[in-house]
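Before the labels used for a structure can be trusted, it helps to ask what each of them rests on. The questions below take up a few such labels in turn.

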Amino acid sequence: LYGRLHGQRLKLTIGRYPTIGLADARALATARLKLIEHGLDPREQEKQQARAAREKKAASFEAIAAEFVATWCRPRNRAWRDYEGVLRRRVPAAWRDRPIGELSRRDIARLVDQVATVAPADALRLLAVLRKLGNWAVEREIIAANPALGIKPPAKPKIRERVLSDEEVRAVWRAAEETTYPFGPFVRLLLLTALRRSELAS
């Protein structure tokens with residue numbers, strides 16, 4: 001594509017076929033010629049757009065959260081994987097490319113309420129992590145204020161107090177004896193040691 005800007009001849013490359021189809025190439029050429037008609041250099045415009053896209057991505061929730069986990073959680077907290085996990089599981093996809101500075105208290109409160117309806121423990125953990133993330137971002141002047149502050153935590157999940165009766169323990173044990181490795185022995189060890197499943201599995 002050739003054009004003239006301020007008396008100088010421009011040679012603009014649109015792209016390679018078939019990576020860019022003919023229809024797209026025509027549309028791009030038309031858009032660039034219109035910029036030239038208005039006295040603008042399409043190359044500079046595209047550089048500015050690319051720079052803006054990079055800056056937007058760098059300020060996205062996903063990018064800031066990843067930096068928070070890498071620089072604050074991992075060195076200071078043994079449970080950093082829990083932080084990373086709850087952010088990965090519970091933060092909606094719509095937040096990932098969104099600039100973190102656009103998130104409001106209403107956004108966070110709504111998300112925490114939604115999570116609380118299906119996983120109350122995760123909702124509490126999520127709010128705690130978002131508060132820490134917000135404080136960390138404020139300290140680094142990434143955002144002006146922490147939108148997670150002032151949100152009332154959801155009700156704590158009730159602690160389950162029920163235990164198996166002797167008859168139930170016997171029934172589970174017999175079923176585990178009839179179950180092949182690894183699940184049968186795994187369940188019998190759970191009954192004998194009362195360890196958490198994750199601890200025993202490791």
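Q: Why are H3 and H4 called roughly antiparallel to each other?
A: In this predicted model, helix H3 (residues 61–76) and H4 pack at an angle of about 170°, with their axes 10 Å apart. Angles over 145 degrees count as roughly antiparallel, and H3 and H4 are therefore given that description.

Q: What makes the contact of H3 with H4, and how do its residues divide into nonpolar, polar and charged?
A: On the side of H3 the contact is made by Phe61, Ala65, Phe68, Val69, Trp72, Cys73 and Arg74, and on the side of H4 by Trp80, Tyr83, Glu84 and Leu87. These residues divide into nine nonpolar, no polar and two charged.

Q: How do you know that H4 and H7 are roughly perpendicular to each other?
A: The axes of helix H4 (residues 80–90) and helix H7 (residues 120–139) come within 10 Å and cross at roughly 105°. The range for roughly perpendicular is 65 to 115 degrees, and H4 and H7 are therefore described in that way.

Q: Which residues make the contact of H4 with H7?
A: From H4 the contact takes in Asp82, Tyr83, Val86, Leu87, Arg89 and Arg90, while H7 brings Asp122, Arg125, Leu126, Val129, Leu130 and Lys132. The residues of this contact divide into six nonpolar, no polar and six charged.

Q: Why is Asp122 called buried?
A: Buried means under 20% relative accessible area, and Asp122 is buried because its relative accessible area is 9%. Asp122 lies in helix H7, and, not counting residues up to four places away in sequence, Asp122 touches Val86, Arg89, Arg90 and Val115.

Q: What makes the aromatic pair of Phe61 and Trp95 edge-to-face?
A: Ring planes over 60 degrees apart count as edge-to-face, and the planes of Phe61 and Trp95 have 75° between them, at 5.5 Å centre to centre. The pair links distant parts of the chain, with Phe61 in helix H3 and Trp95 in helix H5 (residues 93–96), 34 residues apart. Both Phe61 and Trp95 are buried.

Q: How do you know that Arg74 lies over the face of Trp80?
A: For a charge over a ring, CZ of Arg has to be within 6 Å of the ring centre and within 35 degrees of the ring normal. Arg74 is placed over the face of Trp80, at 4.4 Å from the ring centre. Arg188 likewise lies over the face of Trp173, at 5.9 Å from the ring centre.

Terms used
Residues numbered from 1 in each chain as written. Predicted model: local features only at pLDDT ≥ 70, side-chain atom pairs only at ≥ 80, totals over all residues. Heavy atoms only, no water. Axes fitted to C-alpha atoms, helices over the stretch in contact; angles between N-to-C directions. Helix = DSSP H or I, 4+ residues; strand = E, 2+ residues; numbered from the N terminus. Parallel < 35°, antiparallel > 145°, perpendicular 65-115°, else oblique. Contact = heavy atoms within 4.5 Å. Nonpolar A, V, L, I, M, F, W, Y, C, P; charged D, E, K, R; others polar. Phe/Tyr/Trp six-rings, centres within 6.5 Å; stacked < 30°, edge-to-face > 60°. Buried < 20%, exposed > 50% of the residue type's maximum accessible area, 1.4 Å probe, protein only.
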